[in-house]
Amino acid sequence: MALRQTTFKIKQMIDDLHEQFLTMEGPVNKKDFNFFHKVKEETSPMFNLNNQWLDEAEEFVKNRGVSVHPNQVKSTHENMEMLILHSYYLDVEKKRFKELHQSSHYVLDMILNDLNNV
């Protein structure tokens, strides 16, 4: 199933972003044009993957008796967008980044668990 593969890719992506957040030197100059283009280029595939996951996950939870609710899918999608941006701009506290990371993993794991039970 496509959702399973996309979910595993998303989990790896947010783990990579978490590692980047922890190891990247900061803060960055938000007005640096070259950095902006670098971020735009590197994050574009991540945002595309995140949007693909949203479409697949919403379809999966829409008409099934699963433990994940549509609102959780939407919130997780938004959290992962924030993880992508914060991992480059380092403009959030470590505690908040970790909360976003953990809550995203929680819902992703619930999706994978529901997929195993279908």
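**Exercise 1. Find which residues S87 is in contact with, leaving aside its neighbours within four places in sequence, and describe its place in this predicted model.**

Solution.
Step 1. Beyond its neighbours within four places in sequence, S87 is in contact with L17, Q20, F21, M24 and F97.
Step 2. The position of S87 is in helix α3.
Step 3. Its relative accessible area is 0%. Buried means under 20%, so S87 is buried.
Step 4. A C-alpha to C-alpha distance can be set beside a separation in sequence. For S87 and E99 the two values are 13 Å in space and 12 residues in sequence.

**Exercise 2. Decide whether L17 is buried or exposed, and list its contacts.**

Solution.
Step 1. L17 belongs to helix α1, which covers residues 2-23.
Step 2. The relative accessibility of L17 is 2%, so L17 counts as buried.
Step 3. With neighbours within four places in sequence left aside, the contacts of L17 are M46, L83, I84, S87, Y88 and F97. S87 is in this list, and L17 is in turn among the contacts of S87.
Step 4. K74 stands 57 residues from L17 along the chain, and the C-alpha atoms of L17 and K74 are separated by 20 Å.

**Exercise 3. State how many aromatic pairs the structure holds, and classify the pair of F21 and F97.**

Solution.
Step 1. The structure holds 2 aromatic pairs.
Step 2. Two values are needed, because a pair of aromatic rings is described by the distance of the centres and the angle of the planes.
Step 3. For F21 and F97 the ring centres are 4.0 Å apart and the planes are at 0 degrees. Planes under 30 degrees apart count as stacked, so the pair of F21 and F97 is stacked.
Step 4. F21 is in helix α1, while F97 is in helix α4 (residues 94-117), so this pair ties together parts 76 residues apart in sequence.
Step 5. F21 and F97 are both buried.

**Exercise 4. Classify the aromatic pair of F35 and Y89, and say which helices hold the two residues.**

Solution.
Step 1. The distance for F35 and Y89 is 5.5 Å centre to centre, and the angle between the planes is 85 degrees.
Step 2. An angle over 60 degrees counts as edge-to-face, and the pair of F35 and Y89 is of this kind.
Step 3. F35 lies in helix α2 (residues 33-62) and Y89 in helix α3 (residues 70-89), so the pair ties together parts 54 residues apart in sequence.
Step 4. F35 has a relative accessible area of 11% and is buried. For Y89 the relative accessibility is 16%, so Y89 also counts as buried.

**Exercise 5. Describe the place and the contacts of T76.**

Solution.
Step 1. T76 is a residue of helix α3.
Step 2. With a relative accessible area of 2%, T76 is buried.
Step 3. Not counting residues up to four places away in sequence, T76 touches W53, S104 and V107.

**Exercise 6. Explain what is notable about the phi of L90, and locate the residue.**

Solution.
Step 1. Most residues other than glycine have a negative phi.
Step 2. L90 is not a glycine, yet its phi is positive, at about 50 degrees.
Step 3. L90 sits in the loop between α3 and α4.
Step 4. The relative accessibility of L90 is 18%, so L90 counts as buried.

**Exercise 7. Describe the chain as a whole: its elements, its compactness and its charges.**

Solution.
Step 1. The chain has 4 helices and 0 strands, and the order from the N terminus is α-α-α-α.
Step 2. The radius of gyration is 15 Å, close to the 13 Å from the globule rule for 118 residues, so the chain is as compact as a globular protein of that length.
Step 3. Along the principal axes, the C-alpha atoms fill a box of roughly 45 × 25 × 20 Å.
Step 4. Of the 118 residues, 42% count as buried. The accessible surface comes to about 7,200 Å², and 50% of it belongs to carbon and sulfur atoms.
Step 5. Among contacts with a separation of 6 or more, 81% are between residues 24 or more positions apart.
Step 6. There are 14 positive and 18 negative side chains, and the centres of the two sets lie 2 Å apart.

Key: Residues numbered from 1 in each chain as written. Predicted model: local features only at pLDDT ≥ 70, side-chain atom pairs only at ≥ 80, totals over all residues. Heavy atoms only, no water. Buried < 20%, exposed > 50% of the residue type's maximum accessible area, 1.4 Å probe, protein only. Contact = heavy atoms within 4.5 Å. Rg over C-alpha atoms; globule rule 2.2 N^0.38 Å. Areas by Shrake-Rupley, 256 points an atom, 1.4 Å probe, with all protein chains shown as cover. Lys, Arg positive; Asp, Glu negative; His and termini not counted. Charge placed at Lys NZ, Arg CZ, Asp CG, Glu CD. Phe/Tyr/Trp six-rings, centres within 6.5 Å; stacked < 30°, edge-to-face > 60°.
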